[in-house]
Amino acid sequence: MFADPHEKDYRATLRAAAQQEETFLQLTASGKARGGSPQWQKVAVRPVVVKGERSLQFTYFDDRKAFTKNYADAAANAELDEVLTAPFSHFHLQATTGDLHVRLTKRGKALVSHGKPSRAQPQPDLAHNRTKRHLLPVGKPDTFLWTTGITDRAGKVRPAMRGKFRQVNTFLEHFWHALPAAADAERPLTIIDYGCGSAYLTFAAYHYASHVQGRPTQVIGVDSDTEIIAKCRRLQESLQWEGLAFHESRIVDFQPATRPDVVLSLHACDTATDEAIAQGIRWQGNVILAAPCCQHELHDQVQHPEFQAVLRHGILKQRTADILTDAFRALVLRIMGYKTDVVEFVSPEHTSRNLLIRAVKSQAPGDSAAVQEYMRLKQFWNVTPYLEELLGDVLAPYLVVA
């Protein structure tokens with residue numbers, strides 16, 4: 001299907017594969033090549049038929065939105081060339097006959113590799129508008145989903161596990177979106193999940209990165225609960241996934257053998273989220289994904305005479321403290337050099353703990369605007385966030401307003 005993987009012009013290889021009408025399914029470009037700054041965080045290209053004419057549909061993604069445009073004939077080829085020549089660091093082409101991965105190293109070398117088809121499609125789906133496709137699809141047997149009880153052997157989602165199935169796929173979308181920024185093509189991807197609990201999402205991250213994306217991956221789950229770690233180890237042994245390991249440890253005590261590319265903290269209780277973020281910052285993780293759970297640390301600190309009408313009601317005070325806690329976390333990450341946003345993780349109908357803090361290391365620490373916002377917010381509410389205490393002398397030098 002593809003040209004020689006050692007071919008120097010990887011763009012020609014991708015272009016030729018995308019022009020194979022009988023086999024081409026989708027091309028995704030993402031990540032930032034060294035020294036470059038693409039206009040979009042990600043672009044996805046797939047074939048469609050619009051008004052009886054075969055076209056290529058381009059979907060462009062940034063932090064907040066995505067929009068789609070369709071091109072036919074010469075215009076489609078020209079737009080495809082624009083995507084292939086943009087300074088992206090990762091290209092993933094899916095076809096009925098197999099996958100093609102291209103990763104650019106920091107030195108600009110293109111690493112080209114083949115993989116088995118990641119989509120069980122006998123032919124391209126040319127529908128202009130189609131239903132949402134999950135990264136781990138319904139109706140396709142999947143060892144991970146079956147072993148964890150989310151689906152039956154045939155790939156049908158069990159009724160009681162529909163919420164968990166959506167949660168896993170929603171998490172993987174955020175994870176996959178951030179993955180190129182975390183990856184170093186010259187070594188395996190290293191992921192640490194602090195406060196991993198039952199580790200559904202820990203296993204999902206390994207499964208998707210290693211088995212679906214075909215990237216050499218090492219994932220470490222950390223939790224202080226002896227029984228939970230024993231359960232995770234039994235599941236890992238039954239799956240025989242060698243790239244997974246689980247450690248019984250407090251978050252603040254665990255020291256990884258190598259710098260993590262991705263740090264996860266998914267519904268770890270209360271200040272465990274702060275501990276995980278602090279560890280991610282101290283170990284200079286490229287990407288930090290944190291979904292906070294219950295959080296009480298600021299509840300007793302929050303006070304302001306102008307907000308007594310809100311703070312006298314326990315539930316409103318707690319929600320105010322929750323929002324402030326996550327706002328402080330996002331600001332600390334910005335101060336420490338991470339491009340950070342807070343997004344909806346899963347639908348509120350599945351859980352009220354539905355926020356995800358996404359942080360990608362993008363610049364040197366010390367953003368002056370973030371420092372000023374942080375200090376003003378602290379002064380206004382008369383609080384000291386626990387994350388500031390955890391980071392100590394790592395954060396303190398930057399909390400000086402000129």
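**Close-up views of a predicted protein model**

**Figure 1. The chain as a whole.** The protein chain exposes about 19400 Å², and carbon and sulfur atoms supply 49% of this area. The model shown here is predicted. The protein chain contains 11 helices and 14 strands. Its radius of gyration is 22 Å, close to the 21 Å that the globule rule gives for 402 residues, so the protein chain is as compact as a globular protein of that length. Along the principal axes, the C-alpha trace of the protein chain spans about 65 × 50 × 45 Å. Of the 402 residues in the protein chain, 50% are buried. Among contacts between residues at least 6 apart in sequence, 65% join residues at least 24 apart. The side chains of the protein chain include 47 positive and 44 negative ones, and the centres of these two sets lie 3 Å apart.

**Figure 2. Strand 11 and its surroundings.** Strand 11 comprises residues 262-266, and 5 of its 5 residues are buried, so this strand is largely enclosed by the rest of the structure. In a regular strand, side chains alternate between the two faces of the sheet. Both faces of strand 11 are covered. On one side Val262, Leu264 and Leu266 are buried, and on the other side Val263 and Ser265 are buried.

**Figure 3. The pairing partners of strand 11.** Strand 8, made up of residues 189-194, pairs with strand 11 in the parallel sense over 3 bridges. Within this pairing, Ile191 stands opposite Val262. Strand 11 also pairs in the parallel sense with strand 12, residues 287-291, over 5 bridges. The bridge partner of Val262 in strand 12 is Val287. Val262 thus appears in both pairings, facing Ile191 and Val287.

**Figure 4. Gln94 in strand 5.** Gln94 belongs to strand 5, which covers residues 90-95. The relative accessibility of Gln94 is 7%; buried means under 20%, so Gln94 counts as buried. When residues up to four places away in sequence are not counted, Gln94 touches Thr23, Phe24, Leu25 and Gln26, together with Asp99, Ser118 and Arg119.

**Figure 5. Ala245 in strand 10.** Ala245 is found in strand 10, residues 244-248. With a relative accessibility of 29%, Ala245 counts as partly exposed, because this class lies between the 20% cut-off for buried and the 50% cut-off for exposed. Apart from neighbours within four places in sequence, Ala245 is in contact with Val219, Ile220 and Gly221. Ala245 and Ala33 are separated by 212 residues in sequence, and their C-alpha atoms are 31 Å apart in space.

**Figure 6. Asp73 in helix 2.** Asp73 is part of helix 2, which runs over residues 73-85. The backbone angle phi of Asp73 is positive, at about 55 degrees, although Asp73 is not a glycine. Asp73 has a relative accessible area of 56% and is therefore exposed, because exposed means over 50%.

**Figure 7. Asn382 in a loop.** Asn382 lies in the loop between helix 10, residues 368-381, and helix 11, residues 386-391. Asn382 is not a glycine, yet it has a positive phi of about 60 degrees.

Note on methods:
Residues are numbered from 1 along each chain as its sequence is written. This is a predicted model: local features need pLDDT of at least 70, side-chain atom pairs count only at pLDDT 80 or more; totals for chains, interfaces and linings use all residues. Side-chain values use heavy atoms; hydrogens and water are left out. Helices (H or I, at least four residues) and strands (E, at least two) are DSSP runs, numbered from the N terminus. The radius of gyration is taken over C-alpha atoms; the globule rule is 2.2 Å times the number of residues to the power 0.38. Buried means under 20% relative accessible area, exposed over 50%, partly exposed in between (1.4 Å probe, protein chains only). Contact means heavy atoms within 4.5 Å. Accessible areas come from the Shrake-Rupley method with a 1.4 Å probe; for residues, only the protein chains shown count as cover. Lys and Arg count as positive and Asp and Glu as negative; His and the chain ends are not counted. The place of a charge is taken as NZ of Lys, CZ of Arg, CG of Asp or CD of Glu. Two strands pair if DSSP finds at least two bridges between them.
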